[in-house]
Amino acid sequence: APTDEIIGATAAAANMTEAEERSRPVSNLLFIIAMQAEALPLVTKFQLTEDTDRSIFTKGVPWVRYYGNYKDLQINLVRPGKDPSLGVDNVGTISASLVTYASIQVLKPDLIINAGTSGGFKAKGASVGDVFVATDVAFHDRRIPIPVFDLYGIGARRSFSTPNLVKDLNLKEGKLSTGDSLDMSPHDAAAISANDATVKDMEGAAIAYVADLLSVPAVFVKAVTDIVDGEKPTTEEFVDNLASVTAALDRAVTQVVDYINGKCLSEL
Ligand code: ADE
């Protein structure tokens with residue numbers, strides 16, 4: 001069907017087992033990217049087209065989808081768009097969860113890549129411009145101090161493991177901690193440290209949760225815009241470095257996509 005060609009539904013349509021899926025080349029890649037400034041360079045790089053008129057999503061939502069073919073891959077890139085009244089990007093876990101859920105339902109991706117910027121901890125080896133692949137993700141702002149609910153709140157999970165990709169592309173690895181604030185409260189600091197995180201973002205663990213629910217492998221590529229345990233105020237450092245670090249993210253993501261092209265999940 002023409003719709004299938006555009007949105008890609010190969011794995012689901014073929015009704016493959018998980019083992020079978022992992023031993024055929026990845027064909028349908030879904031990017032989830034929170035900010036327009038992070039997304040647009042990749043839209044250009046992969047020559048994606050914006051789905052303007054026929055939204056695959058429920059009418060009225062601000063989510064934006066770009067699609068196209070790059071080498072042997074069908075690529076969809078989805079961002080949560082702008083807040084309808086405030087006009088700023090819908091960053092954070094709520095929009096990320098919703099857009100991930102809806103995108104998986106319709107697009108049936110083989111693999112999700114959540115790419116974006118992050119804060120980094122120099123005590124854990126992060127510098128501005130570094131690009132990390134997250135080995136693990138967890139939340140740092142969901143405090144439920146009751147046995148077992150505490151663990152539920154933290155929501156730690158391993159991300160899809162890509163040892164060959166990380167090694168061959170010489171990428172840094174570290175744990176990612178997610179919360180809905182750009183700044184860091186004293187509790188956040190303690191929780192991030194307990195999570196053993198090197199990088200801090202506002203979407204990763206939420207996307208991991210949804211991907212896990214729907215059994216889609218997800219990887220997290222995070223470029224460092226600001227050093228959380230440094231001297232500069234986070235907001236200034238973030239705004240100052242956003243453009244240059246987005247360019248570094250771009251280069252890394254392109255390498256990652258080129259690496260994935262033609263490979264199966266089990267080879268990553
Ligand atoms: N994205 C970029 N910098 C960040 C930070 N310090 N915290 C959370 N998300 C970020």
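## Reading the predicted model

User: Why does Ala252 count as buried?

Analyst: Ala252 has 21 C-beta neighbours inside 10 Å. The cut-off for buried is 20 or more. The count of 21 meets that cut-off, so Ala252 counts as buried. The model is predicted, so this is a statement about the model.

User: Where does Ala252 lie, and which residues is Ala252 in contact with beyond its neighbours within four places in sequence?

Analyst: Ala252 lies in helix 10. Leaving aside neighbours within four places in sequence, Ala252 is in contact with Val131, Leu171, Val221 and Ala223. Ala115 is 137 residues away in sequence, with 9.8 Å between the two C-alpha atoms.

User: What makes Val221 stand out in the largest nonpolar core?

Analyst: That core has 64 residues, and Phe31, Leu77 and Val221 touch the most other members. Outside the four places on either side in sequence, Val221 contacts Ile113, Ala115, Val131, Val133, Ala252, Val253 and Val256. In soluble globular proteins, nonpolar side chains tend to be buried together.

User: Why is Asp196 called partly exposed?

Analyst: Asp196 has 14 other C-beta atoms within 10 Å. Exposed needs 12 or fewer, and buried needs 20 or more. The count of 14 falls in between, so Asp196 is partly exposed. Asp196 sits in the loop between helix 8 (186–194) and strand 9. Its phi is near 60°, a positive value in a residue other than glycine.

User: Why does Ser215 get a different label, exposed?

Analyst: Ser215 has 8 other C-beta atoms within 10 Å. The limit for exposed is 12 or fewer, so a count of 8 makes Ser215 exposed. Ser215 is in the loop between helix 9 (204–213) and strand 10. Its phi, near 55°, is also positive in a residue other than glycine.

User: How do you know which residues surround the ligand?

Analyst: A residue is near the ligand if its C-beta atom lies within 6 Å. The residues around the ligand are Thr117, Ser118, Gly119, Leu182, Lys200, Asp201, Met202, Thr225, Asp226, Val228, Thr234 and Phe238. They divide into four nonpolar, five polar and three charged.

User: Which elements supply at least two residues of that shell?

Analyst: These are strand 5 (111–120), strand 9 (197–201), strand 10 (218–227) and helix 10 (234–260). Strand 5 gives the most, with three residues.

User: Why is the chain called as compact as a globular protein of its length?

Analyst: The radius of gyration is 18 Å, and the globule rule gives 18 Å for 268 residues. The two values are close, so the chain is as compact as a globular protein of that length. The chain has 10 helices and 10 strands. Its C-alpha atoms fill a box of roughly 55 × 40 × 40 Å along the principal axes. Of the 268 residues, 41% count as buried. Among contacts with a separation of 6 or more, 74% join residues 24 or more positions apart.

User: How do you know what confidence the predictor gives this chain?

Analyst: The pLDDT averages 93 over the chain, and 91% of the residues score at least 70. Over residues 1–13, however, the pLDDT is below 50. Beyond near neighbours in sequence, that stretch has 19 contacts in the model. The model scores ipTM 0.99 and pTM 0.92.

Notes
Residues numbered from 1 in each chain as written. Predicted model: local features only at pLDDT ≥ 70, side-chain atom pairs only at ≥ 80, totals over all residues. Nonpolar A, V, L, I, M, F, W, Y, C, P; charged D, E, K, R; others polar. Core = buried A, V, L, I, M, F, W, Y, C linked by C-beta atoms within 7 Å. Contact = placed C-beta atoms within 7 Å. pLDDT = per-residue confidence, 0-100. Rg over C-alpha atoms; globule rule 2.2 N^0.38 Å.
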